[in-house]
Amino acid sequence: MGKGKRPASGLFAFFWAFYYAGERRYWDNFVGQRILEKRSVKEFIMNKKLILIPVVFLVIAARSQTSSQKLYPVIFSEVTVTDPFWKPKMQTVATATLDACVRYTQEKTGRIRNFEKAAQRSGKHEGIFYDDSDVYKAIEAIAYSLKNYPNPELERNTDEWIRKIAAAQLPDGYLNTYYILTDISERWTDMDKHEDYCAGHLIEAGIAYYNTTGKDLLLRTAIRFADHIDSVFRQQNRPWVSGHQEIELALMKLYHHTHNIKYLELADWFLEQRGRGYGKGAIWDKWKDPDYCQDGLPVKDQRKITGHAVRAMYLYTGAADVAAVTNDAGYINAMDSIWEDVVFHHMYITGGIGAQGSNEGFGKPYDLPNASAYCETCASVGMVFWNQRMNMLSGDAKYIDVLERSLYNGALDGVSLSGDRFFYGNPLASFGGYGRSEWFGTACCPSNIARLIGELGNFIYGKSENTIWVNLFVGSETEFQMGKNTVDLKMETRYPWKGDVELEVTPAKKQDFELRIRLPGWLTTPVPGRLYRYAGEEAEPPVLKVNSKPVVYTVDHGYAVIRRTWKKGDRVTLQLPMKVRKVVSDPAVKQNDNRVALQYGPVVYCIEGVDVEAGAGNVIIPADTKFDVTFEHSLLGGVNTLHFDAPVVSISGDGSSVSTIRKKITAIPYFSWNNRGVSDMQVWLPTTIQKIRIND
Ligand code: FUB
Ligand code: ZN
């Protein structure tokens, strides 16, 4: 998504449009590398598309002048993660998680067999109509992982999958094993059948696999499918509301990859289809409520979050992607309001969203049940994507505060420390009996968390003209191109367990530029808005130094901004004071009445039954509770645990007597629960004896 890759304006845009407006063709050479053949102008004119040139020119010229995206991500392949917290997790994904994805995709379910049969155009479809998407998401996760952890055997196997996928594609570019193996005449008749959703995941996988391996068979397959969709829908202006959004954000990736404006136009076209009464198909029939899939109003008129959480997150990620290029105030205003509605009224302290299982989505404002919280892993993954895009669009750190909360809590909880067990829903309390599974019938979550962790490098840094942005505190190394100069950046930290961050800035030559370091919102408030606040004393301010000396900095939209002439070996140190914070909810959240949650840095804690004989629900947190923090190397892969003395209530078996004894209690990071067998758990802890019990 490099700014420099987009046309500047005016004359340049004209030549750019002229050069690129035709379809670009890709061919495999004998060693499987991509050869790009751009159509000649003559061929383009012969193809009778000349009429499009002025139109394309005008659109591009207008858009290239209006984009106001504030920063661009440094992509994961340019970042080496060295972090003691994340690197082992990425290694676990590269082995155990991807093993599980491959095993279930290829052996234990018929997902790959579906492609084999589709290539033969015969056989019975196995599984659910959206299962192709899991294959694509697994390939995307594999692609990210192969970049950091090359694995020839895994790559060979993936190449084999890709050959089968490509072989299944119909001559007109259509590709969906469910319809190819059932009744192809029924394709594109039910907007809920996830054909475009699967196409979106195919596009994302194709780009990721090409970026890592240079092999383009999957990407070419994806482009043919995207072109098919464009010709069937946008070019004929045939109404189509995606029942499960995803294609919009994928098309934007394809636009940035190919620079072909057609994909931007198609993404925008998909967004524009919503809220106009075009939606029809199974979910419209089932829900009788177009808000379920955010189809109640045109996207630009939407102001409140509704419906299915994953659908919403993918939609708004795509809308933010489009707005970043077009600077469309309609999308930006809509998303500002919807974001506030999510964060101010609907988000769990874990960054999880989608309280209800019934619609896998949002309920009423402030209605945040704990034991029955749905909080799908994919929805937290979607929060990470959407908030990243909102940050890029606005340059505001508040989005990274939310991203970080979802990442370290709601999303990370989705996978076991062993990497091969998964939560679909991530409740904030459990009566016991709930645990991670090896796999699911609807298996969207495992490969989603795998791809998120694999692409962690995407979320750490940002860049813009003359500015380096540090968003997440993750030990890593990267290099920035600042004009003609290169700047190496190395970050070391024990975050999230300790608040010390050290950055070594090494420009090849001395240079003036701006370093923007996020001052995490959790220093002063758990989340933007008033849904949650800290109980107790104010936090100490962070300490920022350059070369061991306090430095003058300004604060802009949550970033510490240091402007200076940087030279080789400059060291920036940031101390983020961490202490155990008690979080209370807005009184409107009835479920958390007389309860507190515990937080240390960005990490939310819980009490797990395995640590408390009387049960996780029976620990009371009085106002004067004093906490100690210990890093325990050998517990749960190495975590900070919180220790405190607290009254624990025991109730006799027949309920006739109640005793309260002070005991030493341990709280563990929420994301690490359910790794020592199945037991009860809760995040929101009672402050009075009246509230003892697991909090539903
Ligand atoms: O429909 C595909 C996936 O299945 C959704 O994203 C999940 O919420 C689950 O419904
Ligand atoms: Zn999921």
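In this predicted model, Thr478 of strand 8 stands opposite Leu489 in strand 9, and this pair is a convenient place from which to follow the surrounding strands. Strand 9 covers residues 485–493 and pairs with strand 8 in the antiparallel sense over seven bridges. The two strands form a hairpin with two residues between them, in which Gly483 takes a positive phi near 60°.

Strand 8 also pairs with strand 4, a run of residues 79–81, and here three bridges join the two strands, which run antiparallel. Within this pairing, Thr80 has Glu477 of strand 8 as its bridge partner. How do the side chains along strand 8, residues 476–482, alternate? Ser476, Thr478, Phe480 and Met482 point to one face and are buried, whereas Glu477, Glu479 and Gln481 point to the other face and are not buried. Thr478, the residue opposite Leu489, thus belongs to the buried face, while Glu477, the partner of Thr80, belongs to the other.

Elsewhere in the chain lies a metal site. The zinc ion (ligand 2) is coordinated at 2.0 to 2.4 Å by an OE atom of Glu376 and by the SG atoms of Cys378, Cys444 and Cys445. The arrangement is tetrahedral because the four donor atoms around the zinc ion (ligand 2) subtend angles of 94 to 118°, and all of these angles fall between the limits of 85 and 135 degrees that the assignment requires. Along the chain, the donors follow the spacing E-x1-C-x65-C-C. Because Glu376 lies in the loop between helix 15 (329–346) and helix 16 (377–394), and Cys445 in helix 18 (residues 444–454), the pair ties together parts that are 69 residues apart in sequence. Glu376 has a relative accessible area of 3% and is therefore buried, and Cys445, at 1% relative accessibility, likewise counts as buried, the cut-off for this class being under 20%.

Two of the zinc donors, Glu376 and Cys444, are also among the residues around ligand 1. The others in that surrounding set are Tyr130, His194, Tyr197, His244, His308, Val310, Glu360, Tyr424 and Thr442. Which distance separates a polar side-chain atom of Glu376 from an oxygen atom of ligand 1? The two atoms lie 2.6 Å apart. An N or O atom in the side chain of His244 is 2.7 Å from an oxygen atom of ligand 1, and for the side chain of His308 the corresponding distance is 2.9 Å. On its own, ligand 1 has 280 Å² of accessible area, of which the protein covers 95%.

Notes:
Residues numbered from 1 in each chain as written. Chains lettered and ligands numbered in written order. Predicted model: local features only at pLDDT ≥ 70, side-chain atom pairs only at ≥ 80, totals over all residues. Heavy atoms only, no water. Buried < 20%, exposed > 50% of the residue type's maximum accessible area, 1.4 Å probe, protein only. Helix = DSSP H or I, 4+ residues; strand = E, 2+ residues; numbered from the N terminus. Pairing = 2+ DSSP bridges. Donors = N, O, S within 2.8 Å, 3.2 Å for Na, K, Ca; no water. Tetrahedral: all angles 85-135°; square planar, octahedral: opposite > 155°, others 65-115°. Near = heavy atom within 4 Å. Polar contact = N/O pair within 3.5 Å; in protein donor to acceptor, adjacent residues only side chain to side chain. Areas by Shrake-Rupley, 256 points an atom, 1.4 Å probe, with all protein chains shown as cover.
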